[in-house]
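Dear colleague,

Please find below the structure that I am handing over to you. A summary of what was found in it follows directly after.

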Amino acid sequence: MNKLYPVSEAEVIAGFLRNEFYETDYDRDRSRFEALVTQPDLDDPQQNALRRALLYRKRGHMWRELPAGTQWWRVEIGPEDAGRLHIFARAHWLTIARGDFRADSIARRIRERQYPQRVKKFVAKIEAIGSSLASQHDPGPILTIGIDGSRRLVVLEGNHRVTAALLDSPQRLASLNFYCGLSPRMEECCWYRTNLPSLWRYLINRVSNVHDREADVERLLRDIGAPPATAAPGPTNDVGGSPWKADPQLSRARR
């Protein structure tokens with residue numbers, strides 16, 4: 001992994017939210033906040049706060065588990081890193097991986113059809129995403145987390161795209177846009193290391209944030225005392241896009 005340059009948490013959240021903004025959770029917000037999401041001004045603290053609140057509506061439980069002080073980088077991940085990339089263990093990935101969540105191992109199992117019939121449709125959607133990636137200029141950022149640049153990395157957002165790229169060729173990884181969050185405390189995060197202490201912490205956080213004040217966009221707007229600022233026409237920052245908005249089937253599969 002090659003660390004290109006450090007990035008702010010606000011930039012990573014902007015990219016993550018843009019990836020998520022096709023979801024039905026944002027149907028009632030899309031017209032109101034589209035410019036805020038698609039044309040972010042990362043130097044505007046009010047915009048950054050609103051994007052964070054919008055992301056927390058759907059992913060607050062995920063983001064809250066990352067260690068305080070996690071340092072984010074724009075990174076280049078190449079074929080030599082394929083063995084260190086791990087898919088986040090959940091849902092159909094459990095069935096395909098059979099305990100080995102290395103991304104290249106999962107891609108090999110799919111390529112060799114070593115999976116049960118009940119996940120055949122899931123696999124077909126990953127393969128369709130691979131075809132879509134080849135024609136997209138900017139498929140949006142992929143988020144990974146780790147302890148440092150030399151140990152294993154876990155894909156927090158973008159499991160389907162990483163697998164789809166590896167199904168084509170490990171060299172395709174270099175064409176994807178990666179962010180990486182690094183912390184010496186990352187093993188405390190259940191998304192990186194799933195064990196009883198990390199799951200207990202996650203459970204406490206979920207219970208403590210059933211009514212998530214940090215996701216209350218309307219409260220934040222009242223505190224700000226003004227509607228969200230809108231950016232000027234045209235992109236102001238390179239935070240990636242979400243090319244699957246026009247294809248709901250690919251959207252549902254791409255995580």
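**Pockets, sheet and salt bridges**

The lining of the second largest pocket comprises six nonpolar, two polar and four charged residues. Please note that these findings rest on a predicted model. The second largest pocket encloses about 160 Å³ of space. Its lining is formed by E9, R52, Y56, W63, R64, L66, P67, A68, G69, T70, W72 and E214. Helix α3 is the main contributor to this lining, with three residues.

The largest pocket has a volume of about 190 Å³. Eleven residues line this pocket, and those closest to its centre are Y56, H61, R206, N209 and D212. By class, the lining of the largest pocket divides into three nonpolar, three polar and five charged residues. Here too helix α3, which spans residues 45-63, gives the most, in this case five residues. Y56 deserves a separate mention: it is among the residues closest to the centre of the largest pocket, and it also lines the second largest pocket.

I turn next to the sheet. Six strands form an open sheet in the order β1-β2-β6-β4-β5-β3, and their pairing is mixed. Strands β1 (2-7) and β3 (85-87) stand at the edges with a single partner strand each, so one side of each has no neighbour in the sheet. On average, neighbouring strands of this sheet are turned by 40° against each other, with direction ignored.

The pairings may be followed from one edge to the other:

- β1 and β2 (residues 71-76) run antiparallel and are joined by five bridges; within this pair, V7 stands opposite W72 in β2. W72 also belongs to the lining of the second largest pocket.
- β2 and β6 are likewise antiparallel, with five bridges between them, and V75 stands opposite F178 in β6.
- β3 and β5 (residues 153-157) run parallel and are joined by three bridges; H86 stands opposite V154 in β5.

As a general point, strands of a sheet pair through backbone hydrogen bonds, in either a parallel or an antiparallel manner.

Which helix lies across β3, β4, β5 and β6? Helix α7 (residues 159-168) does so, and it runs at about 120° to β5. In this arrangement β4 covers residues 142-146 and β6 covers residues 178-182.

Finally, there are the charged contacts. The structure holds 19 salt bridges. One of them joins the side chains of R113 and E127, at 2.8 Å from N to O. This pair links distant parts of the chain, 14 residues apart: R113 is in the loop between α5 (103-111) and α6 (120-135), whereas E127 is in helix α6.

With kind regards

Methods:
Residues are numbered from 1 along each chain as its sequence is written. This is a predicted model: local features need pLDDT of at least 70, side-chain atom pairs count only at pLDDT 80 or more; totals for chains, interfaces and linings use all residues. Side-chain values use heavy atoms; hydrogens and water are left out. On a 1 Å grid over the protein atoms alone, a cavity is a set of points where a 1.4 Å probe fits but cannot get out, and a pocket is an open set with protein on both sides within 12 Å along at least five of seven lines; lining residues have an atom within 4 Å of a point. Grid points are joined across faces, edges and corners, and a volume is the space filled by probe spheres set on the points. Helices (H or I, at least four residues) and strands (E, at least two) are DSSP runs, numbered from the N terminus. Ala, Val, Leu, Ile, Met, Phe, Trp, Tyr, Cys and Pro count as nonpolar, Asp, Glu, Lys and Arg as charged, and the others, Gly among them, as polar. Two strands pair if DSSP finds at least two bridges between them. Axes are lines fitted to C-alpha atoms, for helices over the stretch in contact, and angles run from 0 to 180 degrees between N-to-C directions. Contact means heavy atoms within 4.5 Å. A salt bridge is a side-chain nitrogen of Lys or Arg within 4 Å of a carboxyl oxygen of Asp or Glu.
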